[in-house]
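Visitor: I have the entry open and would like to discuss its interior and its backbone. Shall we begin with the packing?

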Amino acid sequence: MKRPLLCLLIVLTTLMAGCASNPQLGAVDPPRIDPAAQAIDTYLIGVDDRIQISVWHNPELSVTVPVRPDGRISVPLVGDVEAGGRTPEQVAVLIQDKLKDYVRDPQVAVILTELRSHEYLSRVRVTGAVRQPLSVPYRQGMTVLDAVLAGGGLTPFAAPDRTELYRKEHGGDTRTYAVRLDRILQKGDLSTNFPVQPGDVITIPERLL
């Protein structure tokens with residue numbers, strides 16, 4: 001056998017051995033955490049939020065009120081004000097303009113005291129063959145396994161090897177990532193125990209009978 005051919009065979013053998021020892025070689029890139037999905041630059045007031053309205057030098061007009069299902073709040077003297085979908089600063093300007101008919105040079109501050117509507121935007125959902133399908137609040141550092149365990153673990157009918165993570169990407173497209181939950185639970189192989197982010201959906205299908 002000629003020397004160049006022998007060298008080629010040695011290189012091919014080494015590459016094949018490397019692929020066999022690394023089952024993740026050639027796999028789809030794991031999902032990356034998007035910092036923008038974990039933090040909001042501008043928070044818009046939503047239904048069920050509670051806001052505090054303070055009118056300088058007019059304590060009788062200062063109140064703490066909830067945002068009603070119609071997105072409005074009730075303010076002394078001026079009545080209903082549209083708060084849903086606006087920032088606290090924008091709501092303060094609206095109230096200030098309306099108060100000008102009753103108060104000389106009103107100075108209004110609006111502060112969010114309870115962000116109840118944001119809770120649903122920052123959740124991770126687990127569905128399918130888990131003992132308790134749930135929508136769990138996101139916590140920094142949370143992984144697929146954390147979310148599944150929060151749902152009480154798998155049912156006897158689960159097919160953990162077909163678990164999938166769904167994530168909405170920029171542009172509105174949803175991308176799917178395969179999770180080998182069977183390897184995570186049985187072998188401690190954490191290569192697909194991906195970190196999750198707000199809005200993720202984890203689905204564990206039932207095994208085929």
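Visitor: Which residues touch the most other members of the largest nonpolar core?

Guide: In this predicted model, they are Val-124, Val-148, Val-196, Ile-202 and Ile-204, within a core of 22 residues.

Visitor: And which helices and strands each supply at least two residues of that core?

Guide: Two helices do so, H4 (144-150) and H5 (181-187), together with strands S6 (123-128), S9 (174-179) and S10 (201-204).

Visitor: Which gives the most?

Guide: Helix H4, which contributes four residues.

Visitor: What lies apart from this core?

Guide: Another core, made up of 19 residues, lies apart from it. Leu-61, Ile-73, Val-75 and Val-81 are among its members.

Visitor: Let us turn to the backbone. What is the phi of His-57?

Guide: The phi of His-57 is positive, at about 65 degrees, although the residue is not a glycine. Most residues other than glycine have a negative phi.

Visitor: Where is His-57 found?

Guide: His-57 sits in the loop that runs between strand S1 (50-55) and strand S2 (63-66).

Visitor: Why does His-57 count as exposed?

Guide: Its relative accessibility is 62%, and the cut-off for exposed is over 50%.

Visitor: What about the phi of Leu-77?

Guide: Leu-77, also a residue other than glycine, has a positive phi near 75 degrees. Leu-77 belongs to the loop between strand S3 (72-75) and strand S4 (79-82).

Visitor: What is the relative accessible area of Leu-77?

Guide: The value is 49%, so Leu-77 is partly exposed.

Notes:
Residues are numbered from 1 along each chain as its sequence is written. This is a predicted model: local features need pLDDT of at least 70, side-chain atom pairs count only at pLDDT 80 or more; totals for chains, interfaces and linings use all residues. Side-chain values use heavy atoms; hydrogens and water are left out. A nonpolar core is a set of buried Ala, Val, Leu, Ile, Met, Phe, Trp, Tyr and Cys residues joined through side-chain atoms within 4.5 Å. Buried means under 20% relative accessible area, exposed over 50%, partly exposed in between (1.4 Å probe, protein chains only).
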